[in-house]
Amino acid sequence: MGEDINKAEDFLEKLGLSKEDVDLLEHKLKEREERRKEAERKEKPITVLFPKVVLASASPRRQELIQLLGLQAEIHPSGIAEDVTEADPSLLVQKLAFQKAEDVAKQYPKDYLVIGADTVVFFEDRILGKPKNEEDAYRMLSALSGRTHQVYTGVSLHFQGKKMGFYEKTEVQFARLTEREIWDYIESKEPMDKAGAYGIQGRFAPFVKGIAGDYYNVMGLPLARLYQALKFLGAEGEAVELPRE
Ligand SMILES: Cc1cn([C@H]2C[C@H](O)[C@@H](COP(=O)(O)OP(=O)(O)OP(=O)(O)O)O2)c(=O)[nH]c1=O
């Protein structure tokens, strides 16, 4: 053994290298290998980074939207009661999204990516959830008629014990609706399971004058931001708030 070390030292001396030079070289090679691995992780598609996905939602729209990311998600709606009191819509949707994801994540192994989300409408300092009945839907739609409101969706991601959350806001401008148009729409039953009593993606389309922001956010899942968040979570593995650009 001692002989081997002597031989190695002779060899280094012949090359004109000291023990410190070799340590430095070793350190540099290690660093390069780590950078290569990091770049490789960043290049991986999200379908590879997250082979096991659970969508903690009963919303058929979210189930449809998650497929647009190419993810094959198992559906497991959460059992939480949505009774958080919070006046700030961005905080409310993030808290509820977190509770939904947390409730489901504890029922799965840690290598499952669990996604929870919550959507509300915000108009004149009031948060509108799903209408309780037809009269409630009428009140919401006549208040929103001819005006502009905001739709907030919060998303919570749980993966390998790490938790990450964000929200997205979209502005929606309604055309003015007549009494007849409001009641005809309510009769279609479409408003009843949707925040603000309307679905941008359905029969309400003729009354949407314009939107500013992510259309899919209004439907219940902000896909562009979610995709970036997943790439970030998969590559960095950090439980941090995504910076808003
Ligand atoms: C504003 C708007 C909301 N919505 C829907 C999205 C959500 O499904 C719903 C808001 O209710 P949520 O409580 O966010 O979701 P959910 O109860 O349908 O499902 P889960 O809690 O199990 O995830 O409103 C539309 O589909 N289109 C729209 O234009």
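This section describes the ligand site of a predicted model and the pocket that holds the ligand.

The shell around the ligand comprises 20 residues, of which S57, A58, R62, K100 and K130 come nearest. Two of these residues also make polar side-chain contacts with the ligand. For S57, a polar atom of the side chain is placed 2.6 Å from a ligand oxygen. For K100, an N or O atom of the side chain is likewise found 2.6 Å from an oxygen atom of the ligand. The backbone contributes as well: a polar backbone atom of Y198 lies 3.5 Å from an oxygen atom of the ligand. On its own the ligand has 600 Å² of accessible area, and the protein covers 94% of this area.

Three elements each give two or more residues to the shell around the ligand, namely α4 (60-67), β3 (113-123) and α8 (215-219). The strand β3 gives the most, with three residues. Sorted by class, the shell consists of eight charged, seven nonpolar and five polar residues.

The ligand occupies the space of the largest pocket. The volume of this pocket is about 730 Å³. Its lining is made up of 35 residues, and those closest to the pocket centre are E82, K100, D118, T119 and K130. K100 and K130 are thus listed both among the residues closest to the centre of the pocket and among those that come nearest to the ligand.

Elements that supply two or more residues to the lining are α4, α5 (89-105), β3, β4 (126-128) and α8. Of these, α4, β3 and α8 also give two or more residues to the ligand shell. As in the shell, where β3 gives the most, the largest share of the lining comes from β3, here with four residues. The lining contains 17 nonpolar residues, along with 10 charged and eight polar residues.

Methods: Residues numbered from 1 in each chain as written. Predicted model: local features only at pLDDT ≥ 70, side-chain atom pairs only at ≥ 80, totals over all residues. Heavy atoms only, no water. Near = heavy atom within 4 Å. Polar contact = N/O pair within 3.5 Å; in protein donor to acceptor, adjacent residues only side chain to side chain. Areas by Shrake-Rupley, 256 points an atom, 1.4 Å probe, with all protein chains shown as cover. 1 Å grid on protein atoms, 1.4 Å probe; cavity = no way out; pocket = protein on both sides within 12 Å on 5 of 7 lines; lining within 4 Å. Sits in = over half its atoms within 2 Å of the grid points. Nonpolar A, V, L, I, M, F, W, Y, C, P; charged D, E, K, R; others polar. Points joined across faces, edges and corners; volume = space filled by probe spheres on them.
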